[in-house]
Amino acid sequence: VQLQASGGGLGQTGESLRLSCAASGNIFPINIMGWYRQAPGKQRELVAVITSGGRINYADSVKGRFTSSRDNAKNAVYLEMNSLKPEDTAVYYCYAYIRINDYWGQGTQVTVSS
């Protein structure tokens with residue numbers, strides 16, 4: 001199983017960035033897909049996850065600003081990040097729960113300047 005993430009980069013406060021992630025390999029069924037992040041000196045935390053049925057769970061810190069979506073036909077998940085804040089700066093990891101295992105992408109840096 002491979003999770004290939006793209007997007008992210010550098011943004012300013014109030015701007016928007018978008019992350020994409022596609023899964024490949026022995027990936028059926030993909031129960032949950034989503035995003036976590038890890039800021040320097042902090043633990044990895046949930047950002048948004050989507051079940052195969054479409055239920056989305058967001059971290060309180062991103063509710064109303066971030067929108068995650070999933071394309072089951074493409075085995076892909078997306079994260080639209082709006083109204084970015086400096087505290088959103090972190091490495092963002094694509095995540096998938098497939099059968100009974102956790103899988104992680106390589107991480108993509110998002111840096112928000114004030």
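Tutor: A disulfide is a pair of cysteine sulfur atoms within 2.5 Å. Keep in mind that this is a predicted model.

Student: How many disulfides does a search of the whole structure find?

Tutor: Just one turns up: Cys-21 is joined to Cys-94, with S to S at 2.0 Å. It ties together distant parts of the chain, since Cys-21 sits in strand E3 and Cys-94 in strand E9, 73 residues apart. The link is left-handed, with -85 degrees about the S-S bond.

Student: Are Cys-21 and Cys-94 buried or exposed?

Tutor: Both are buried.

Student: What about the largest nonpolar core, and which residues have the most contacts inside it?

Tutor: That core has 29 residues, and the ones with the most contacts inside it are Trp-35, Val-47, Phe-66, Leu-79, Met-81 and Tyr-92. Strand E9 gives the most, with five residues. Take Met-81: beyond its neighbours within four places in sequence, its contacts include Leu-17, Leu-19, Phe-66, Tyr-92 and Val-110.

Student: Now the rings. Why is the pair of Tyr-36 and Trp-104 called edge-to-face?

Tutor: Planes over 60 degrees apart count as edge-to-face. The planes of Tyr-36 and Trp-104 are at 75 degrees, with centres 5.1 Å apart, so that pair qualifies. Tyr-95 and Trp-104 have planes at 50 degrees and centres 4.9 Å apart, so they are tilted instead. Tyr-36, Tyr-95 and Trp-104 form one aromatic cluster.

Student: Which charged end sits over the ring of Trp-104?

Tutor: That of Arg-44, 4.6 Å from the ring centre. Arg-44 also lies over the face of Tyr-93, at 3.7 Å from the centre of that ring.

Definitions and conventions: Residues numbered from 1 in each chain as written. Predicted model: local features only at pLDDT ≥ 70, side-chain atom pairs only at ≥ 80, totals over all residues. Heavy atoms only, no water. Helix = DSSP H or I, 4+ residues; strand = E, 2+ residues; numbered from the N terminus. Buried < 20%, exposed > 50% of the residue type's maximum accessible area, 1.4 Å probe, protein only. Core = buried A, V, L, I, M, F, W, Y, C linked by side-chain atoms within 4.5 Å. Contact = heavy atoms within 4.5 Å. Phe/Tyr/Trp six-rings, centres within 6.5 Å; stacked < 30°, edge-to-face > 60°. Lys NZ or Arg CZ within 6 Å of the ring centre and 35° of its normal.
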